[in-house]
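Thanks for coming. I will go through one protein model today, starting with a few single residues and ending with the way the helices pack.

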Amino acid sequence: MAILRISLRAGERIFVNGAVLKVDRKTTLEFLNDVTFLLESHVMQAEQAKTPMRQLYFIVQMMLMDPNSSEAAMVLFGKAHPAMLKTYSNRDIIDGLLEVEDLIGRGRNFEALKRVRSMIPLEDQILGEFSDAGSTVAKFEPPLRLAAGA
């Protein structure tokens, strides 16, 4: 297995297998085995989850941030995902949601998170067609770097 190196800036946090680590200076972490982690810049706050796709992102994020509580997040996913499949008519979103379901089923939660993130701009575009130009939905576009050692 290849060593995975992650560079963090002073004060940055990283979520590793449910633990939160904060560095006090610029540092590089080396992961020598498989690990589930999420960089702070990828984390969506609950108040940002104002649309169905953002809510799904938040649910998948919970699976990554706290693997010990992923069962509760899976229950939420099991409720939200089918409702979204029934709600959307856009083929790209439906195909993406099916892909997310497959990835979650195979334990590839980080890839599922990236896939959900890729659909947020499409959802924004769709919602923009049905709402006023002064929408209160804030853009959520953190840069996704490799954040799962697999």
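Let us start at arginine 25, which sits in the loop between β3 (19-22) and β4 (27-31). Please keep in mind throughout that this is a predicted model.

Is arginine 25 buried or exposed? Its relative accessibility is 55%, and the cut-off for exposed is over 50%, so arginine 25 counts as exposed. Exposed does not rule out contacts. Setting aside residues up to four places away in sequence, arginine 25 touches Leu8, Arg9 and Ala10. There is also a distance to look at on your screen: from arginine 25 to glutamate 12 it is 8.6 Å, C-alpha to C-alpha, with their positions 13 residues apart in sequence.

One of those contacts, arginine 9, is worth a look from its own side. Arginine 9 is found in the loop between β1 (4-8) and β2 (13-16). Arginine 9 is exposed, because its relative accessible area is 55%. Which residues does arginine 9 contact, once neighbours within four places in sequence are left aside? They are Val23, Arg25 and Lys26. Arginine 9 and threonine 28 are 19 residues apart in sequence, and their C-alpha atoms are 8.8 Å apart in space.

The third arginine is in another kind of element. Arginine 115 belongs to helix α4 (residues 109-130). With a relative accessible area of 22%, arginine 115 is partly exposed. The reasoning is short: buried would need under 20% and exposed over 50%, so 22% puts arginine 115 in between. Without neighbours within four places in sequence, the contacts of arginine 115 are Asp92, Gly96, Glu99, Val100 and Leu103. For the last of these, leucine 103, the C-alpha distance to arginine 115 is 9.2 Å, and the two are twelve residues apart in sequence.

Now the whole chain. How many helices and strands are there in the protein? There are four helices and six strands. Read from the N terminus, the order is β-β-β-β-β-α-α-α-α-β. The protein has 150 residues, and 37% of them count as buried. Take the contacts between residues at least 6 apart in sequence: 56% of these join residues at least 24 apart.

A short stop at the aromatic residues. The structure holds one aromatic pair. Phenylalanine 31 and phenylalanine 37 form this pair, with 4.8 Å from centre to centre and 20 degrees between the planes, and the pair is stacked. Both phenylalanine 31 and phenylalanine 37 are buried.

That leaves helix packing. Two packed helices are described by the angle between their axes and the distance between the axes. I will give both values for three pairs.

For α1 and helix α2 (residues 70-87), the angle is about 155 degrees and the axes are 9 Å apart. Which way do they run relative to each other, parallel or antiparallel? The angle makes α1 roughly antiparallel to α2, because an angle over 145 degrees counts that way. The crossing of α1 and α2 is left-handed. On the α1 side, the residues that meet α2 are Pro52, Met53, Leu56, Ile59, Val60, Met62 and Met63, and on the α2 side they are Ser70, Ala73, Met74, Leu76, Phe77, Ala80 and Met84. By type, this contact of α1 with α2 has 13 nonpolar residues, one polar and no charged.

Next, α2 and α3. Their angle is about 160 degrees, and their axes are 10 Å apart. The two helices are therefore roughly antiparallel, and α2 passes α3 in a left-handed crossing. From α2, the contact uses Met74, Phe77, His81, Met84 and Leu85; from α3, it uses Ile94, Leu97, Leu98, Val100, Glu101 and Ile104. The count for this contact of α2 with α3 is nine nonpolar, one polar and one charged.

The last pair is helix α1 (residues 52-65) with helix α3 (residues 91-105), at an angle of about 10 degrees and with axes 13 Å apart. That angle makes α1 roughly parallel to α3. Met53, Leu56, Val60 and Met63 of α1 and Ile93, Leu97 and Ile104 of α3 make the contact. What types of residue are in this contact of α1 with α3? Seven are nonpolar, with no polar and no charged residues.

That is the end of my part.

How values were computed. Residues are numbered from 1 along each chain as its sequence is written. This is a predicted model: local features need pLDDT of at least 70, side-chain atom pairs count only at pLDDT 80 or more; totals for chains, interfaces and linings use all residues. Side-chain values use heavy atoms; hydrogens and water are left out. Axes are lines fitted to C-alpha atoms, for helices over the stretch in contact, and angles run from 0 to 180 degrees between N-to-C directions. Angles under 35 degrees count as roughly parallel, over 145 as roughly antiparallel, 65 to 115 as roughly perpendicular and the rest as oblique. Contact means heavy atoms within 4.5 Å. Ala, Val, Leu, Ile, Met, Phe, Trp, Tyr, Cys and Pro count as nonpolar, Asp, Glu, Lys and Arg as charged, and the others, Gly among them, as polar. A crossing is left-handed if the near helix is turned anticlockwise from the far one by less than a right angle, and right-handed if clockwise. Rings of Phe, Tyr and Trp (its six-membered ring) pair if their centres lie within 6.5 Å; planes under 30 degrees apart count as stacked, over 60 as edge-to-face and the rest as tilted. Buried means under 20% relative accessible area, exposed over 50%, partly exposed in between (1.4 Å probe, protein chains only).
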